[in-house]
Amino acid sequence: MQQDDIAAGVIDTSRPHPARIYDYLLGGKNHYDVDRQAGEELVAVAPEARAGVRANRAFMERAVRFAVGQGVRQVLDIGTGLPTSPNVHEIAEQVTSDGVRVAYVDNDPIVKAHGDALLSRTGSTGIILGDVRDPRSILDHPDVRRLIDFDEPVALLLVAVLHFLADSDEPGRVAAELRDALPAGSYLVLSHATGDFADRSDAQDGYSRKASASLNLRPKAQVEQFFEGFELVEPGLAQISYWRPDSPPPAEAGRIGFYGGVARRG
């Protein structure tokens, strides 16, 4: 989806969208036939894809619990995807009753519509349409500023987002602009698809042809660069199933092509 479409609130159901493909692979209901078809084609060439998105979701939940457990009380979730319970604010509520403020951001109008319906009951959460390629428009958005005080620690979530940016989109610049907005004591939670554990060039090419965003697999060294200026907490950047697991990782964990990490700004 292009920026003009985002600004106009256009819902394009003619092409698969990453948030809706992700919803399908998670077992959700908020997707279309084109998204289901794209999801099945992805699984056909990358059989671990369904397990991968579920492991990625579980990583996000663990990482949010960790950041909130460290005292962070505000979260900026960019590329939130379609609501899937538990959502970030619900995860935070499992850790503390202090009242954690959460600003959700996505570029799909369908995500925003579902988010508006879900979040209308609380003043501590909100959702905006935004394009991660333009970080300043997100950081300066009045609804983000209403919820997020950038003078206090923030947990920034870039979970399964930057791999949808091609090198020409300058993902390093995007990550740097977002990191630079965060004060000391903040955390960056990031996951990213990789081809380090299996050749997934067919999946990458097929996904990029079909969906409204390209899929760009990156090696560990490139993903680590997105954390520049932050200190990775143990166990560092790891395959997502091995990042502080709550239980023994599944049998297919070693084949899941996702890195995940959490880092703190000192």
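## Helix 5 and what surrounds it

Let's start in the middle: the buried residues of helix 5 are covered by a set of elements that includes helix 4 (49-69), strand 1 (74-78), strand 2 (101-106), helix 6 (109-119), strand 3 (125-129) and strand 4 (155-159). Keep in mind that this is a predicted model.

Which residues of helix 5 are the buried ones? Helix 5 spans residues 88-95, and its buried residues are Val88, His89, Ile91 and Ala92. Looking down the axis of helix 5, you find these buried residues within an arc of 155 degrees, so they line one face of the helix. Flip to the other side of helix 5 and you meet Glu93 and Gln94, which are exposed.

Val88 deserves a second look. Leaving out residues up to four places away in sequence, Val88 touches Met60, Val64, Val75, Asp77, Val102, Tyr104 and Leu157. Val88 also turns up in the largest nonpolar core, a set of 36 residues, where Val88, Leu157 and Val262 are the ones with the most contacts inside the core. Two or more residues of this core come from each of helix 4, helix 5, strand 2, helix 6, strand 4, strand 5 (187-193) and strand 8 (258-264). Helix 4 is the top contributor, giving eight residues to this core. Apart from this core lies another one, of 31 residues, with Val154, Leu156, Leu178 and Phe227 among them. As a general backdrop, nonpolar side chains tend to be buried together in soluble globular proteins.

### How helix 4 packs

Now for the neighbours of helix 4. How do helix 4 and helix 5 cross? Their axes come within 9 Å and cross at roughly 50 degrees, which makes helix 4 oblique to helix 5. The crossing in which helix 4 passes helix 5 is right-handed. On the helix 4 side, the residues that meet helix 5 are Met60, Glu61, Val64, Arg65, Val68 and Gly69. Their partners in helix 5 are Val88, Ile91, Ala92, Gln94 and Val95.

Helix 2 (residues 18-26) also packs on helix 4, with axes that come within 9 Å and cross at roughly 100 degrees. That angle makes helix 2 roughly perpendicular to helix 4. Helix 2 brings Tyr22, Tyr24, Leu25 and Leu26 to the contact, and helix 4 brings Arg50, Val53, Arg54, Asn56 and Arg57.

In the loop between helix 3 (33-45) and helix 4 sits Glu48. Is Glu48 buried or exposed? Its relative accessibility is 10%, so Glu48 counts as buried. Setting aside residues up to four places away in sequence, Glu48 touches Arg200, Arg255 and Ile256.

### Ser191 and its contacts

Over in strand 5 there is Ser191, which has 0% relative accessibility and therefore counts as buried. What is Ser191 in contact with, once its neighbours within four places in sequence are left aside? The list is Asn56, Phe59, Leu158, Val159, Ala160, Val161, Ile240, Phe258, Tyr259 and Gly260. Ser191 and Gly257 are 66 residues apart in sequence, and their C-alpha atoms are 10 Å apart in space.

### Backbone oddities

A few backbone angles are worth checking by eye, and here they are together.

| Site | Backbone feature | Value |
|---|---|---|
| Ser85 to Pro86 | cis peptide bond | omega near 0 degrees |
| Glu234 to Pro235 | cis peptide bond | omega near 10 degrees |
| Ala160 | positive phi, residue other than glycine | phi near 55 degrees |
| Arg244 | positive phi, residue other than glycine | phi near 45 degrees |

Where do these sites fall? Pro86 is in the loop between strand 1 and helix 5. Pro235 belongs to the loop between strand 6 (231-232) and strand 7 (238-239).

As for the positive phi values, Ala160 is placed in the loop between strand 4 and helix 9 (171-180). Ala160 has a relative accessible area of 11%, so this residue is buried. Ala160 is also one of the residues in contact with Ser191. Arg244 is found in the loop between strand 7 and strand 8, and at 35% relative accessibility Arg244 counts as partly exposed.

Conventions:
Residues are numbered from 1 along each chain as its sequence is written. This is a predicted model: local features need pLDDT of at least 70, side-chain atom pairs count only at pLDDT 80 or more; totals for chains, interfaces and linings use all residues. Side-chain values use heavy atoms; hydrogens and water are left out. Buried means under 20% relative accessible area, exposed over 50%, partly exposed in between (1.4 Å probe, protein chains only). Helices (H or I, at least four residues) and strands (E, at least two) are DSSP runs, numbered from the N terminus. The arc is that of the directions from the helix axis to the C-beta atoms. Contact means heavy atoms within 4.5 Å. A nonpolar core is a set of buried Ala, Val, Leu, Ile, Met, Phe, Trp, Tyr and Cys residues joined through side-chain atoms within 4.5 Å. Axes are lines fitted to C-alpha atoms, for helices over the stretch in contact, and angles run from 0 to 180 degrees between N-to-C directions. Angles under 35 degrees count as roughly parallel, over 145 as roughly antiparallel, 65 to 115 as roughly perpendicular and the rest as oblique. A crossing is left-handed if the near helix is turned anticlockwise from the far one by less than a right angle, and right-handed if clockwise.
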